[in-house]
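Q: Could you take a close look at a single part of this protein and explain, step by step, what surrounds it? I am in my first year, so please give the meaning of each term as you go.

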Amino acid sequence: MFSLLTKVRAVVRPKFATPLRFVQSEPKEYKEFPAPTRVEKSVNTVTLLGRVGADPQLKGTTDHPVVVFSVATHTNYKYESGDWAQRTDWHRIIVFRPNLRELVMEYLKKGQRTMIQGKITYGEIKDQEGNQKPSCSIVADDIIFFRET
């Protein structure tokens, strides 16, 4: 599969020619500008499937409201002795999108299973004493709510 993608990319972006961009300065006269030599893409995508740790909280200001909640994911692993153990990781989820905020506040509850797709961000948060602490959050782009049957 990887070799197929590599071949497709080689066909789509030939390396033998550097394209030129033209900008019209006066009627029927063009100035020549070289294209960028290298354009890089990056990917920042996170998908989590887990359980909500606590009911979502509405934070921020009335002009810029934000919904914040936590999701727990776990990993099972086996020791050499044959015993099984489980490691739980907690993720801080932030929702900025207006319609998604309203849905999360209305339907998402503690213990509910959910899937979040978004981007990972790093920053700092002030604790109760005013000290800056590093933080890692997931900015949600899409959330799927699972209903227990």
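A: Let us begin with Leu103, which touches Leu108 and Phe145 when residues up to four places away in sequence are not counted; a contact here means heavy atoms within 4.5 Å. This is a predicted model, in which local features need pLDDT of at least 70 and side-chain atom pairs count only at pLDDT 80 or more, while totals for chains, interfaces and linings use all residues. Residues are numbered from 1 along each chain as its sequence is written, and side-chain values use heavy atoms, with hydrogens and water left out.

Leu103 belongs to helix H2, which covers residues 98-107; helices (H or I, at least four residues) and strands (E, at least two) are DSSP runs, numbered from the N terminus. Along the chain, Leu103 and Phe145 are 42 residues apart, and their C-alpha atoms are separated by 9.6 Å. Because its relative accessible area is 37%, Leu103 counts as partly exposed, a class that lies between buried (under 20% relative accessible area) and exposed (over 50%), judged with a 1.4 Å probe and protein chains only.

Moving on to the surface, Leu49, Ile144 and Phe146 make a nonpolar patch of about 230 Å². Patches are made of residues with over 30% relative accessible area and no salt bridge, where like charges are joined within 9 Å and nonpolar side chains (Val, Leu, Ile, Met, Phe, Trp, Tyr) within 5 Å; a salt bridge is a side-chain nitrogen of Lys or Arg within 4 Å of a carboxyl oxygen of Asp or Glu. Accessible areas come from the Shrake-Rupley method with a 1.4 Å probe, and for residues only the protein chains shown count as cover. Leu49 sits in strand E3, residues 46-52, and counts as partly exposed because its relative accessibility is 41%.

Thr45 lies in the loop between strand E2 (29-34) and E3, and it counts as exposed because its relative accessibility is 61%. Although Thr45 and Ile138 are 93 residues apart in sequence, they are 9.4 Å apart in space, C-alpha to C-alpha.

To place these parts in the whole, the protein has two helices and eight strands, and from the N terminus on its elements run α-β-β-β-β-β-β-α-β-β. Of its 149 residues, 21% are buried, and among contacts with a separation of 6 or more, 49% join residues 24 or more positions apart.
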